[in-house]
Every structure is written in C-alpha cells, then in structure tokens.
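The following exercises are to be worked through with the sequence and the structure side by side. Each task is followed by a solution that goes step by step.

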Amino acid sequence: MSPPTPPTSLSARGTQEPDPAAPDADHGAALRAAPCGLLQLDAAGRIESANATLCDWIGRPAAEVIGRLDLAALLSPAGRLFWTTHLLPQLRLNGRLDEASLSLPDRRGGARRCLLSARRNPDGGSVLVLFEAERRHLFEEDQAREVALAQTRAHWLTQIERMAEVGAWCWDPAQDRLQGSDRMFDILGLRPGPADGLDALLDRLVSEPLRRQLRASLTAPGGLHPPLDLEAAIRTPAGALRQIRLSCEALWAKGRVERVQGVICDITRAQEDRQRLWRMAHVDDLTGLANRHHFRSRLRDACAAADPLALVVIDIADFGAVNHRFGADRADAMLREIGGRLASLLPGDGFAARLVGDEFALLLPAADPDAAARGLAAAAAAALEAPLAGFGGTVRLRAAMGLAAFPEDGRAPEALFARAKEALSEIKRAGGGADFLRGAMLARVGARRRAIGCVRDAVQEDRIRVWYQPKLRLADGAPDGHEALVRIFDRAGQISGPGDWAEALDDPECAALLDAAVLRRVLADLRRPEPGLGPGLGRVAVNVSEHSLRRGDFATHLLRALARAGVAAAQIELEIVETVLVDQRTPELVAGFERLRAAGIRITLDDFGTGFASLSHLRDLPIDGLKIEKSFVLGLQADARNAPILRAIVMLAQALGLHTVAEGVESAEVADLLRELGCQTAQGYHFGRPQPLPDPEPELAPELAQDQAPLPLPVPVATGLPQRVPD
C-alpha cells in the first residue's frame, strides 16, 4: 500500500506556522478526517504533520503534536522500544514497511492496535499510514482460540481413544481405501496412515469363517441393516492375540453407499477381567475345581434337566491332623493333588467341585445313578489310598462319602444335596466308607432328629428336671455328695432318661442347651435353704458335654453363673469324658480347668477305662479324680478279670494322688470288694436310686425364681415329681 501525501496545511515547514485546523486547499477536509491515521516525519523523526483522525485517537490537539514531538514520544515504553529497535531500522533499510503491528496510546488510557504502513521520502522523511486493527486483532484472537480449542478437542479425542482403547475407521468401497485413527491402527498392530484395501483389517482376524462373513458384508454394504456389531479375536503382525469388538454402518448418498464407517474397540483387558471375575466367582483358587457356588448352580441346572444323576460328597478323614503335622503349605499341595485325582475320575460330562476345606463333590449324569455313585465312590477311595506325591509314601488318605441319586433321593437340588450330606455325616460317625441314606441308616437319622427335637422342645418348654443319686465313702459309709442326673418330662407327664434321647447329645447345639438347663437346675437346688434340701446335697457332680467344654469361655461362664447364684465353687464337681482330652484344643481346656480348680471346683475324669486318655494325660492334666466305668463294677463278680483291672486303676490313681469313684454298685459284696481294692467312693442302686428333691414350700417358689439363670433360659420350679424311677 502506498500512503497518500499528507496535506500541506498540516505541515510545520516554511517560515509561517499554518493553522492545523484550517481547511487544506489541496486535499480538503476529507483527508483530515480520513478513517486512518496519517503522519509525516522529518529526517530527524519529528512529526511534521498529522491528520485529525490520528489526533483524535491519541487524544491530543495537533498544535501539541506537530513540530513538537517525535513518533517515539507518542508510544508506550514497549511500543517505543519496538519502533526504535525494529520498525525504524527496517524502514531506513528497506525504504518501506507493510502492515506492521503497532499500538498507539488511547485517549482512554488504553492501547489502540494499529497496522502501520510507511514509505521513506527522498529527503529522509517518512510518510506513515495507520489503520485501526482492533477488529482484525479480535478476529485473529478468536481464530487462534478456535484453533487451540480444536487442537485441545483433538487431543481429548486421542486421550479418550487411548483410555477407552477405541479407534475409529472408515472404508471407501469405490476406492477400496481404509482410513482410521492412530488408535485403530495401533489396535491392529499396524503403522498409522491410509491403507490400500480392506485386507489391512480383515487379515488380522483369526477366524477364517468370520473373515469371509465380514468381507461379504462390507463388499456388499447395502445389506448392513441393522449396523454390524460383533466380537472377534485378532492377531497382530507381531503375533500378539487380542480380542476386539467391531461396529460399523453404511452411510448413503445419492442412492448408493458412499462409505462404511465404524469403531474398533480393544476389549482384551475387559475380556480378561470378565474371565478373572468369573473364575473368582466359580473356581476354587487352590485346586482349580469348581467352587461351592458353581457346584450349587450346576446342581440346579442338572436337576432342572430331570435326567438321572449321581452325586458323591467326599470328606477327607483326619485332614486337620495332616494339616497340623505337615503345615498349611504342604496341606494345600495335598488338596491340589486330591482335587486333580478326583477330577481325573470323571468323564467329559462329569463335574468336580471343592465345597469347603477338605470336602469335595462329584456329579455324574448316568442312566443308573445308584451304580454310577457307587462306582465313583469306589474309584475315589482307591485314588485317595494311593500314596501322595512329595510325602515319601507316608500319607495315605481315608475318606467318608455320602451318596445320593436323582430323582430317588430328592428332586429339588437342595433336598438332593442335603440327603448326600446327611449320608456323609452318618458315614463319618460310623468311621468311614460310602453309602446312601436309606434303610437302617435313614431310620437312625430319623431317630436322631426325633431325639434332638425332644430335647430342644423340653428345654424351650421348661420340662428338664434333675434327679440326684447319692455317693458314699466306702471307708465309713458317710455321704460324699450326689451326682446330678437329667430327666425329661413329656407333655403327658411321662419320664424319660438319657437312654431315650442319647443321640441328641451328639448335636453340639442341643448338648450345650441341655448342659445349660441342667446347670441352672442344680444351682437353683443348691440355693434352697430348707433343711435337708439344698444344703444336704453336698458336692454335686454335673456331667458336661464335650461341646460345652470346647467353648473357649466355658470356665468364665461357669464361674460367673456360680457368683450370680451365690453358690460356692466347692459345691460343684465337673465330670468330663476322656475324648475331650485328645482334642487338638487341649491346651485351652487345660487353662480353663486350672482356673476352675483354683476356684475350688473338682474335676473328675468320667467313665475311665473305656476312652482314649493316656497315662500322660493323667500325669499332665489338671484333674482331681477318676470315675471307674460301671461295666467293670457290674462284672466284678461275674468275671475275675475285672478285679485286676480295677486294682490297677485304683493303684494308679493313688500313686498320682487322684480320688477314685466307682459307679454301678448294686450289692454289698461288690461294695466290700471295692473297699478292699482301695476305692474311696461309690454310687449305685445299693446305696440309693436317683430321686428328685421334695417340692419347695409354696411361699419359697417366687424367691427361687429370681436371679437363678446363669444362661438366658427360664428356671423351673419342680412340682409333683415321682420319688423313684429306674436309673
């Protein structure tokens, strides 16, 4: 652009100073009011002339500017530096400037952005034209912002593609040209950029049938209704396997498919995560077999199919002892080997699961499920009896197995599994083997259920009673306390003893409930103040089941119950069975017994001679006495071999400082023999049968009902009990 010559009327040349505001004869008012700023500088850079527009922009009158200032004086410090160091040297060097940016101070104290064009005159001066560039500057700023936003969005899209593992692609059927985002090519393992032909995508598919199907769909894209959506496995040129999800649709223009576009998503990690979650929910992580949840689901499906089915539930005998002997790591290795052996017994349609701990289950569809179950059980027993690897041939496992067949043993999956579990419980109780819960075994289970129901109902309805059988010292015939014997009264008032419901005592919860009810009764009876009743009982021996003793807080509960009832600890004797002493928690029991003995409670080992206690138990355990099992006493006269056994037991007890009690004494002759052998205390029909205490006086009943329950069960008041029943 060539700037116009400024008006002579605004010139500072000559001898006479013209009026800057006067009309110019040559150019007129139009030049003075032009929409651009006009400046003429002399060789020294001073302003020789300026039009009204420029003066208006900077907010100064022409008289203050023309002939008085140079251009640098009008500019800001930054603009002055830019003019003197860049623009002015360039003007002098090139003789012109074209649309250079320059900011003039604004009358409002701001800055007015301008585009400067200049031409140098032959006399060394310069003519400058400044166009206001605010709108252009704003436009450029807006354009720059749009470019930056587009770049940001492109970056976001790239990040989203990378994070979501999704790439976009487009295929032009007419040119057979494939284009896609960088992420799409990265998923395929290819170098980014346009690719000739659809084969760049299709050749990556692992499945040849799927490759043909997709090629047919894309080469005739008019049939892509609805859009295509599929999952497939691909192999990259580097040999890596990936799982992808491919979606695409046809885009139409002028009645034909112009292109096919879609997305490709790498779902390898999602697929691995799904598989990992499925394994966590369905597979036992130790053995690799199905877990309990998966087994339940498979059993439901098998029962729903209504086809004959064999079920075998397996429990490894004494695995806890194996675990204790070899440690957890080797026990885990053993379980893995067991799982592998059991799984290898099944054909393709069989199913093996680890239910919990050392319990496994096998499912097998079979036309004859009974024969299939028995065959599986026999094969499993043989597999488990083989020596385990890594244990030097020293470990051979035994198993108990409960069998069940669909539909004979149950049509519902829960019923079928419960039948197999009940069969397993009976087999474990019998010491091992494998069988169905049928016939005599089913009858035994039914009897046990009835016994458990009898005891539970009696406890809940307060029909538990305690009768007392006296114990006497053989040396002088003086009383030596009583043994508490439990009786149950049914709703019709009939009496039953432990022989009628002994099987209920094998149930841990039932046994604990009965122990608590008996203890409440005994403590209530010991509190009775009338002469000849509570105080006359002396020390009362109470039988306590293994299930109650194995509670870690048994000693604490018993001492707390004695304190609440106001009964001295010396009035209680605990009779415990020998099997408690061979439990792996014996150290905890010992600690509890020591607390009880320190408080004054006597501990007696019941039925000695028929259990599992060893001499080391008698030496090390905190017990006070031995109670000789009555079979030795009852047969004392009939079998001469019983006398040496009794003598040995009494002598052993004396040597260890233990008190001896013989039960089952029914004649004076037997009592004399026991006395001669050195036995200290005896009980039996010869001395007295079990009897209830007389009824309390009516006015005492409310008092006895208060604060007598060591456990949260009601304390009954005995009324109308018969005086004698068989032991």
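**Exercise 1.** In this predicted model, decide whether Glu 385 counts as buried, partly exposed or exposed, and then place Glu 385 in its surroundings.

*Solution.* The relative accessibility of Glu 385 is 48%, and because the partly exposed class covers values between 20% and 50%, Glu 385 counts as partly exposed. Next, turn to the secondary structure, where Glu 385 belongs to helix α14, which spans residues 369-385. If neighbours within four places in sequence are set aside, the contacts of Glu 385 are with Arg 396 and Leu 397. As for Val 395, its C-alpha lies 8.6 Å from that of Glu 385, with 10 residues of separation along the sequence.

**Exercise 2.** Work out the strand order of the open sheet that 5 strands form, and state which strands stand at its edges.

*Solution.* Reading across the sheet gives the order β13-β14-β12-β15-β16, with mixed pairing. The edges are taken by β13 (351-356) and β16 (433-436), each of which has a single partner strand, so one side of each has no neighbour in the sheet. On average, and with direction ignored, neighbouring strands are turned by 20° against each other. Within the sheet, β12 (residues 309-316) and β15 (residues 399-406) are paired in the antiparallel sense over 8 bridges, and Ala 310 has Ala 405 of β15 opposite. Finally, helix α11 (residues 292-305) lies across β12, β13, β14 (359-365) and β15, and its direction makes an angle of about 135° with β13.

**Exercise 3.** Determine in which sense β15 and β16 pair, and give the handedness of the crossover that links them.

*Solution.* The two strands, β15 and β16, pair in the parallel sense over 4 bridges, and Leu 403 has Phe 436 in β16 as its bridge partner. Following the chain from β15 through α15 to β16, one traces a β-α-β crossover that is left-handed.

**Exercise 4.** Describe how helix α15 packs against helix α16, and classify the residues in their contact.

*Solution.* Helix α15 (residues 413-430) and helix α16 (residues 439-460) have axes 11 Å apart and pack at an angle of about 90°, which makes α15 roughly perpendicular to α16. On the side of α15 the contact involves Arg 419, Glu 422, Ala 423, Glu 426, Ile 427 and Arg 429, which meet Met 441, Leu 442, Arg 444, Val 445, Arg 448 and Arg 449 of α16. Sorted by class, this contact of α15 with α16 comprises 5 nonpolar, no polar and 7 charged residues.

Terms used. Residues numbered from 1 in each chain as written. Predicted model: local features only at pLDDT ≥ 70, side-chain atom pairs only at ≥ 80, totals over all residues. Heavy atoms only, no water. Buried < 20%, exposed > 50% of the residue type's maximum accessible area, 1.4 Å probe, protein only. Contact = heavy atoms within 4.5 Å. Pairing = 2+ DSSP bridges. Axes fitted to C-alpha atoms, helices over the stretch in contact; angles between N-to-C directions. Parallel < 35°, antiparallel > 145°, perpendicular 65-115°, else oblique. Nonpolar A, V, L, I, M, F, W, Y, C, P; charged D, E, K, R; others polar. Right-handed = clockwise from strand over helix to strand, strands pointing away.
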